[in-house]
There are 2 protein chains.
Amino acid sequence: MVPLTLDERKKKILLAIIKTYLETGEPVGSRTISKLEGLDLSSATIRNEMADLVDMGYILQPHTSAGRIPSDKGYRFYVDQLMAEKEKDIAERERETDEMKSLLVEKADKMERLLKQVAKSLSANTNYAAMISAPRYNMNRLKFIQLSRMEENRIVAVIVVEGNMIKNQIIDIDGPIDDETLLALNMLLNTTLNGMAIEDINLSIISKMKQQAGEQAGIISEVIDAVAESIRDDEDLEIYTSGANNIFKYPELADNQRASEIITAFEEKKQLTDLVYETLSHSDEKGIQVYIGEESPVENMKDCSVVTATYELDEGIHGTIGIIGPKRMDYDKVLSTIKKLTTELDTMFKKN
Amino acid sequence: MVPLTLDERKKKILLAIIKTYLETGEPVGSRTISKLEGLDLSSATIRNEMADLVDMGYILQPHTSAGRIPSDKGYRFYVDQLMAEKEKDIAERERETDEMKSLLVEKADKMERLLKQVAKSLSANTNYAAMISAPRYNMNRLKFIQLSRMEENRIVAVIVVEGNMIKNQIIDIDGPIDDETLLALNMLLNTTLNGMAIEDINLSIISKMKQQAGEQAGIISEVIDAVAESIRDDEDLEIYTSGANNIFKYPELADNQRASEIITAFEEKKQLTDLVYETLSHSDEKGIQVYIGEESPVENMKDCSVVTATYELDEGIHGTIGIIGPKRMDYDKVLSTIKKLTTELDTMFKKN
DNA sequence: TGTTAGCACTCGACCTATTAGAGTGCTAAC
DNA sequence: GTTAGCACTCTAATAGGTCGAGTGCTAACA
């Protein structure tokens with residue numbers, strides 16, 4: 001009869017197996033465990049317990065006479081355990097993160113550069129692949145719009161949203177446009193749209209603006225359409241990645257098949273975008289999320305573990321950072337690093 | 001005695017060997033060649049010739065009883081041959097490129113998107129990895145500068161250069177700035193800088209502008225510094241890549257060691273940037289360049305062949321496209337594709 | 001009843017022939 | 001100069017054999 005719940009001893013043994021496996025990467029046998037400190041049991045007893053753990057689905061046996069390796073379910077148990085303990089010993093890694101901090105602040109003059117830095121620092125610190133998404137644009141509020149004439153009948157529109165992300169759009173217009181009209185148009189755009197959330201800019205508002213534009217509606221609607229389109233046109237969530245080549249350090253990910261899949265995911269960004277949305281949609285529940293193997297929302301990463309977290313740029317404006325590595329990743333370190341980093345980012349943005 | 005030059009028959013045999021190898025990817029033996037159309041010789045004769053070709057360095061023998069594979073020198077001969085023939089039969093691939101054309105034009109509203117499209121289309125069409133660099137910014141001429149007040153003491157600068165590349169810079173100033181000053185500043189910047197090549201903006205011009213700014217020099221020099229810095233600050237040549245995962249299709253590149261190197265090169269862009277500069281510096285000689293194996297200027301691609309070409313956005317403003325694949329790539333197809341594409345891009349930009 | 005020693009058994013990793021086949025180099029004849 | 005013929009070389013693939021880590025089970029023990 002297979003037991004239904006893990007008693008204390010089983011938990012201890014399971015944790016010991018997983019920890020050992022994380023260190024060595026090799027299937028671990030009963031003798032190895034029996035020789036560890038803490039629980040004084042013979043290998044035979046351990047074997048019996050291990051058999052139970054296999055039946056319960058926490059560990060796997062690659063083949064009859066091999067040791068055991070953790071299953072997804074086993075990792076899940078380990079990670080949950082870890083997350084619970086996490087609150088306490090955060091202080092420990094303070095040093096490393098201080099290092100990272102200085103590295104971040106150094107060149108933070110531009111958002112893009114900052115994000116690239118963060119990704120790089122993450123992958124370098126953990127030896128896994130890292131990604132970071134720019135703060136989600138279409139949750140932002142418009143802060144400023146400015147049209148300027150560039151040439152006879154060509155206008156450049158500058159659109160600034162909260163968080164100081166800037167978008168540009170060049171607009172070709174049919175006829176020439178005089179300074180007065182341009183000024184009026186600037187007024188109209190700013191008074192109507194400033195402070196609005198981008199997702200709230202709908203057709204009815206646009207048509208109302210066209211109406212207000214009165215006689216100039218011809219040219220003006222051209223411009224408004226272009227601006228509106230440019231504002232909405234941000235399907236492509238910007239994502240920066242780093243250290244994808246790290247996967248080659250882990251044999252279980254480095255075979256052609258898998259490596260190709262992972263690299264593709266990193267290259268095409270599509271799947272990473274999905275990952276970001278997935279994370280953002282869950283972000284209220286908990287700061288950090290861990291997807292183990294099959295749990296992953298990203299098809300090409302079913303053989304990996306994915307750790308994601310949300311950072312806050314400004315109220316309601318979030319971005320996502322993620323670490324992708326083998327299932328036997330150093331969860332402890334990754335969780336610490338990522339936790340530190342998000343709070344780091346949070347406070348950094350709050351300051352500005 | 002080893003002959004010094006390739007006679008006609010040797011050339012024929014060499015080409016046959018290379019072509020066969022390109023198709024099969026396996027070492028080719030003397031019998032295979034003797035059975036081909038065109039030259040009616042027994043395998044024994046071919047063997048003798050092959051021995052010569054080995055001595056002359058055009059082909060290699062992986063081991064004593066294997067067939068032959070082309071050496072870098074052999075590929076070089078083949079490619080040169082091909083380039084010479086190239087002028088004639090360009091018409092052939094017209095179809096495919098027409099397809100590509102429509103694909104390109106479709107969403108060419110923004111430079112960035114266009115470049116991504118091109119990279120994608122290139123890698124998809126060839127099954128190799130592709131890259132494209134944005135036109136080299138600091139050769140461009142300034143077209144338009146506009147400062148706008150965004151908030152009380154925060155200004156956004158929009159800088160447009162020829163080719164309609166746009167840069168933005170947010171400038172925090174110490175004190176508030178009034179409309180009049182802003183207008184004057186805009187005038188000053190535009191009259192002084194418009195039409196100038198970015199590399200010609202030096203300290204003497206900047207200090208002259210500060211002088212002209214007169215009493216407002218305090219605030220103004222702040223602004224000018226920021227603008228100047230923003231203009232110059234384009235070390236990071238933008239490069240878009242696609243299809244890096246294609247390398248996994250070629251066993252000779254797909255082993256961990258090599259794959260990791262190539263992926264790293266694609267990820268960190270540094271080496272690709274070097275490649276672009278290398279290409280641009282040679283671009284006058286010839287449109288297309290082929291680097292075979294050791295010839296490659298990029299360290300991590302010594303096992304690859306790299307085909308690059310230059311496209312022209314506007315007079316004197318160039319960008320680079322490149323294909324990276326195995327040494328046994330389909331040079332014929334790649335050369336055609338890349339040639340078509342560059343002329344495509346050239347004409348497209350000329351139209352605008 | 002839980003724990004442990006003991007032992008036969010399993011299975012992959014590794015090493016060592018052995019074989020088959022493709023392809024060569026060389027010699028001798030045409 | 002070309003070719004047929006043949007001995008030779010080297011790889012890839014296959015099979016057999018051994019080693020050792022680790023298991024599962026049984027029987028004895030506290």
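Two strands pair here if DSSP finds at least two bridges between them; strands (E, at least two residues) and helices (H or I, at least four) are DSSP runs numbered from the N terminus. This is a predicted model, where local features need pLDDT of at least 70, side-chain atom pairs count only at 80 or more, and totals for chains, interfaces and linings use all residues. Residues are numbered from 1 along each chain, chains are lettered from A and ligands numbered from 1 as written, and side-chain values use heavy atoms, without hydrogens and water.

Q: In what order do the 5 strands of the open sheet in chain B come?
A: Let's start at the rims: strand E7 (239-242) and strand E8 (288-292) of chain B are the edge strands, each pairing on one side only. The pairing is antiparallel, and the order in chain B is E7-E3-E10-E9-E8.

Q: Which residue of E10(B) is the bridge partner of B:Thr308?
A: Strand E9 (residues 304-314) and strand E10 (residues 317-326) of chain B pair in the antiparallel sense over 10 bridges. Within that pairing, the partner of B:Thr308 in E10(B) is B:Gly322.

Q: Which residue in E7(A) is the bridge partner of A:Met131?
A: In chain A, 5 strands form an open antiparallel sheet in the order E7-E3-E10-E9-E8. Strand E3 (residues 129-133) of chain A is joined to E7(A) by 4 bridges. Opposite A:Met131 in E7(A) sits its bridge partner, A:Thr241.

Q: At about what angle to E7(A) does helix H6 of chain A run?
A: Helix H6 (residues 111-126) of chain A lies across E3, E7, E9 and E10 of chain A. Angles run from 0 to 180 degrees between N-to-C directions, with axes fitted to C-alpha atoms (for helices, over the stretch in contact). Relative to E7(A), the helix H6(A) runs at about 30 degrees.

Q: How are H1(A) and H4(A) oriented to each other?
A: The axes of helix H1 (residues 8-24) and helix H4 (residues 72-86) of chain A come within 10 Å and cross at roughly 100 degrees. Among the residues that meet (heavy atoms within 4.5 Å) are A:Leu14 and A:Ile18 in H1(A) and A:Phe77 and A:Tyr78 in H4(A). Angles of 65 to 115 degrees count as roughly perpendicular, under 35 as roughly parallel, over 145 as roughly antiparallel and the rest as oblique. H1(A) and H4(A) are therefore roughly perpendicular.

Q: What area is buried between chain B and chain A?
A: Across this interface, 32 residues of chain B are in contact with 33 residues of chain A. Buried area is the accessible area (1.4 Å probe) that two parts lose on being put together, summed over both. Carbon and sulfur atoms give 51% of the total, which is about 2900 Å².
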